[in-house]
Amino acid sequence: MSDTWRAGLIAQREAREHAAERLIQGWSFILLMITLLYVFIGPTPYQHAVQLDADTGDTSISPINRYVWIILAGLTMPLLWLRRHMLLKTIMRMWPLVALVTWFMLSTRWALDPGASNRRFFVFLINIMLALGLAVGFASAKKMHRAIAITCGIMIGIDLFSSVAMWGKSITVDGLAAIHSHKN
């Protein structure tokens, strides 16, 4: 009787672990797709001309950009939490990156524009956190490559639709840019 009971508990635990692993894989898949689509499309789809900031004369930066990256970082947190047992080992294997991040952090102290440097460093940390969460979230490189391939297929579909249905918005002086902010 007790062996049957233990076997049932073990089976339940294995079922929960399997379900959690499927959830982690699915979340990693969706997060990578969202991130890549944002990188490909950006905050200003179909805007092919460089927008200049009236105050500085420099290229304007979308105010929504930082919020999107913060949201993506927030979406990474469940992956980092569920894979917390892998984090220390993974970070130790990335010691050159840790050294580089430390150097970047120190260099913000003597930057000509510390405010801009700190903002860039913050986004850099978010990108590293996102990459770390995706690296530990996927069980294999094959699954990650599948997500990348599907996302590229989605982008090709969006570009085809844009080039047919929205030719006027999709074309630039240099050629077809479709939904992207730049031709390349």
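User: Which side chain makes a polar contact with the side chain of Tyr 38, and at what distance?

Analyst: A polar contact is a pair of N or O atoms within 3.5 Å; within protein, one must be able to donate a hydrogen and the other to accept it, and residues adjacent in sequence count only if both atoms are side-chain atoms. In this case the partner of Tyr 38 is the side chain of Asn 65, at 2.5 Å. The model is predicted: local features need pLDDT of at least 70 and side-chain atom pairs count only at pLDDT 80 or more, while totals for chains, interfaces and linings use all residues. Residues are numbered from 1 along each chain as its sequence is written, and side-chain values use heavy atoms, with hydrogens and water left out.

User: Where is Tyr 38, and is Tyr 38 buried or exposed?

Analyst: Buried means under 20% relative accessible area, exposed over 50%, and partly exposed in between (1.4 Å probe, protein chains only). Tyr 38 sits in helix α1 and counts as buried because its relative accessible area is 13%. Contact means heavy atoms within 4.5 Å. Not counting residues up to four places away in sequence, Tyr 38 touches Pro 43, Asn 65, Val 68 and Trp 69. Between the C-alpha atoms of Tyr 38 and Leu 72, 34 residues apart along the chain, the separation is 10.0 Å.

User: What does Thr 35 contact, leaving aside its neighbours within four places in sequence?

Analyst: Thr 35 is also placed in helix α1. With those neighbours left out, its contacts are Trp 69, Leu 72 and Leu 130. A relative accessible area of 7% makes Thr 35 buried.

User: How many helices and strands does the protein chain have?

Analyst: Helices (H or I, at least four residues) and strands (E, at least two) are DSSP runs, numbered from the N terminus. The count for the protein chain is 7 helices and 0 strands, in the order α-α-α-α-α-α-α from the N terminus on. Of the 184 residues, 26% are buried. Among contacts between residues at least 6 apart in sequence, 70% join residues at least 24 apart.

User: At what angle do α3 and α4 pack?

Analyst: Axes are lines fitted to C-alpha atoms, for helices over the stretch in contact, and angles run from 0 to 180 degrees between N-to-C directions. Helix α3 (residues 84-93) packs on α4 at about 80 degrees, and the axes are 5 Å apart. The two helices are therefore roughly perpendicular. For angles, under 35 degrees counts as roughly parallel, over 145 as roughly antiparallel, 65 to 115 as roughly perpendicular and the rest as oblique. Ile 91, Met 92 and Arg 93 of α3 meet Trp 95, Pro 96 and Val 98 of α4. By class, the residues of this contact are 5 nonpolar, no polar and 1 charged. Ala, Val, Leu, Ile, Met, Phe, Trp, Tyr, Cys and Pro count as nonpolar, Asp, Glu, Lys and Arg as charged, and the others, Gly among them, as polar.

User: What comes after α4, and which polar atoms lie by the side chain of Thr 108?

Analyst: The loop between α4 (95-107) and α5 (114-137) holds Thr 108. A polar atom of the Thr 108 side chain lies 2.6 Å from the backbone oxygen of Met 105. The side chains of Thr 108 and Asn 118 are joined by a polar contact of 3.5 Å. Thr 108 has a relative accessible area of 10% and is buried.

User: What span should α5 have?

Analyst: The expected span of a helix is 1.5 Å times one less than its number of residues. For the 24 residues of α5 that gives 34 Å, and the end C-alpha atoms are 34 Å apart, which agrees. Among the buried residues of α5 are Phe 121, Ile 126, Leu 130, Gly 133 and Gly 137. The cover over its buried residues includes α1 (2-41), α2 (63-82), α3, α4 and α6 (141-165).

User: What do Gly 133 and Gly 137 contact?

Analyst: An α-helix has 3.6 residues a turn, so residues three or four places apart point the same way. Outside the neighbours within four places in sequence, Gly 133 contacts Thr 76, Leu 79 and Leu 80. With the equivalent neighbours left out, Gly 137 contacts Ile 24, Gln 25, Ser 28, Leu 79 and Arg 83. Gly 133 is buried at 0% relative accessibility, and Gly 137 is buried at 0%. The C-alpha atoms of Gly 137 and Ser 28 are 5.6 Å apart, with their positions 109 residues apart along the chain.
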